[in-house]
Amino acid sequence: MVELEWMNRELLATLLADQLSSNHLLSYEVNYATKKGDNYASEMYRLRVHFKCNATGDQVHKNFILKVMPSGYIQQQVMKENSIYPRETVIYRDILPRIYELLRTIGDDSIISPICVSTASSPKELLLFEDARDAGFRMADRRLGLELDAARLVIVKLAKLHACSRMLYETEPQLFELMLEGCISDDPNKQTYLPYYRRCVQQVIRLVTQWNENGQWDTVLMKLEKLQDKIIPYGCDVYRRADDGFNVLNHNDIWINNMMFRYDDDTNRVDDLRLLDYQLSFYGSPGVDLNFFLYGSVRAEVRTKHANELVQLYHGTLRSTMERLQYRGPIPSLPDVHVEIIRKGFHRVNAVFQQLPIAMMENSEEAEMDVLLGDGEHSEACRRELFDNPRYVSVLPALLREFDLGGFLD
C-alpha cells in the first residue's frame, strides 16, 4: 500500500461526488498502478474504494486510476512549460464527451479512452479514471510491437478521434486553444525537453560509428552529424500547422504504453482498445499521429507488409465517419492522406530515435525520465544502455537506410 500525504477522505469524497450520491464511503487504499519507469509524464496509482450502498446495504469495492503530476524536477518543468495537465483535463472533461455525443448520433457506441470520473488542480493536479482493467483491458508487451489485428484496432479508433475532432473544432474551436502548439517548440521558454532529442541523435551516431569499419555508413554518418543541429527545427516543422489544411486532434504520444487492449477469452485475439494519455495532444496534420504510430509501435514486419493497408483503413474509417456525420467541408482523399504522411515524415525519425529505444528496453526500472533527460555520467550511461539494447540495434540499420533513401536525414 502507498501512503499519499495529500490524499484524505475529504478529497476523495469530492473526487467521487457522483459515485457517493447513493453510496457511503467506508474505506480506501492506494497502490502503484504501473511499474517504475513505465510512465514518464505522470505518477499512476490504483485506488481501491470500499462503498456501502445506501439503498440495499450491500458493500462493494470499486477500482479507479489516479493520475498525478510527477515528482521529478525536470519532469515538472516539462509539464508546466507545455500546460500538460490543463491540456489533458480539457480533452477528458470537455472534448472526448462531445466526441462520444457525435458518434452516438450515428449509432456508433465506440469508447476511445477510459472514462474520466473527476479532475482537480489542488492539492495536486490530478485526474481520476474508471479502471479499464476491471473491464478486461490490459497492456500489450511494448518490447515486441503490435501485431496486425491490434494495429487495425488502433487505426480505427484513431480515425474516429480525428474525424470527430475536426467536426468539433468547426463548432467549438475555443476548446482546442491549449492544443494549438506542439511539444517541440522554438519558444525559448518551452525547451527543457529538447536537449534529449540531440542526445538521441548522438547515441545513434555512436552506434553507426561502431558499424562503419568498411566505410559503408559514411554517407549516413555525415548526415547524422549535421542532423544534431537540425533536429529541433525539423521537429518544429512537424508541428507547424497549415491552417488552410485538414487538421485534427492528434493524440501525439501514440505508443504501446499508452494503449490497453481487451482480448477475446476463446480466441485470445484483440477485440477492443482504449487509448490513454492526451498530455501532448496537438491540433494539426494527421500525418503526425500516423508516422509516430507506424514507426514507434507496429512490428517491423507488419509495417513493411501492411502499412498501405493500414493507411487505407484509416482513410476509409475517417471518410465514412465524416460522411455519416454530414461534414460539409472537403474530406481528404486517400492520396491526400499519403501526402500528409510524407509531408510530416520526419516524425518517423523522432519515433525511432526517441520512442523506440524506450519501447524496446528490457528493464524499465532505471529509466526514469529525469535520469534520461539529465546531464552527467549516470544519465549518459543510462542512455547508452537504452540504445545498446540488441533488440533496438537489430532494427535500426534497415530504418536508417529507409530514412536515408526517403530524404528524412538530409
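This section describes the overall dimensions, helix packing and backbone exceptions of a predicted model.

The protein contains 13 helices and 10 strands. Its C-alpha trace extends over about 75 × 55 × 50 Å along the principal axes. For 410 residues, a compact globule would be expected to have a radius of gyration near 22 Å, and the value for the protein, 22 Å, agrees with this. Of the 410 residues, 55% are buried. The accessible surface amounts to about 18,200 Å², and carbon and sulfur atoms account for 47% of that area. When contacts between residues at least 6 apart in sequence are considered, 75% of them link residues at least 24 apart. The side chains include 47 positive and 60 negative groups, and the centres of these two sets are separated by 2 Å.

Helix α7 spans residues 287-296. In α7, 10 of the 10 residues are buried, so the helix is largely enclosed by the rest of the structure. The buried residues of α7 include the glycines Gly287 and Gly296, the aromatic residues Phe292, Phe293 and Tyr295, and the polar residues Asp289 and Asn291. Val288, Leu290 and Leu294 are also buried in this helix.

Helix α9, formed by residues 334-343, has Val337, Glu340 and Ile341 as its buried residues. These residues cover an arc of only 100° around the axis, which places them on the same side of α9. In general, an α-helix has 3.6 residues a turn, so residues three or four places apart point the same way. The cover over the buried residues of α9 includes α7, α8 (300-324) and α10 (346-360). On the face of α9 turned away from the buried side, the exposed residues are Pro335 and Ile342.

A further example of packing is provided by valine 90, which lies in helix α3 (residues 84-105). Valine 90 has a relative accessibility of 14% and therefore counts as buried, the cut-off being under 20%. Beyond residues up to four places away in sequence, valine 90 touches Ile95, Leu175, Leu178 and Met179. One of these partners, leucine 178, is 88 residues from valine 90 in sequence, while the C-alpha to C-alpha distance between the two is 8.5 Å.

Several backbone exceptions were also found. Most residues other than glycine have a negative phi, and most peptide bonds are trans. The peptide bond between serine 122 and proline 123 is cis, with omega at about 5°. Proline 123 belongs to the loop that connects β4 (116-120) and β5 (126-130).

Asparagine 268, which is not a glycine, has a positive phi of about 60°. This residue sits in the loop between β8 (259-263) and β9 (270-275). With a relative accessible area of 51%, asparagine 268 is exposed, the cut-off being over 50%. A positive phi, near 60°, is also found for glutamine 326, a residue other than glycine. Glutamine 326 is located in the loop between α8 and α9, and its relative accessible area of 64% makes it exposed.

Terms used. Residues are numbered from 1 along each chain as its sequence is written. This is a predicted model: local features need pLDDT of at least 70, side-chain atom pairs count only at pLDDT 80 or more; totals for chains, interfaces and linings use all residues. Side-chain values use heavy atoms; hydrogens and water are left out. Buried means under 20% relative accessible area, exposed over 50%, partly exposed in between (1.4 Å probe, protein chains only). Helices (H or I, at least four residues) and strands (E, at least two) are DSSP runs, numbered from the N terminus. The arc is that of the directions from the helix axis to the C-beta atoms. Contact means heavy atoms within 4.5 Å. The radius of gyration is taken over C-alpha atoms; the globule rule is 2.2 Å times the number of residues to the power 0.38. Accessible areas come from the Shrake-Rupley method with a 1.4 Å probe; for residues, only the protein chains shown count as cover. Lys and Arg count as positive and Asp and Glu as negative; His and the chain ends are not counted. The place of a charge is taken as NZ of Lys, CZ of Arg, CG of Asp or CD of Glu.
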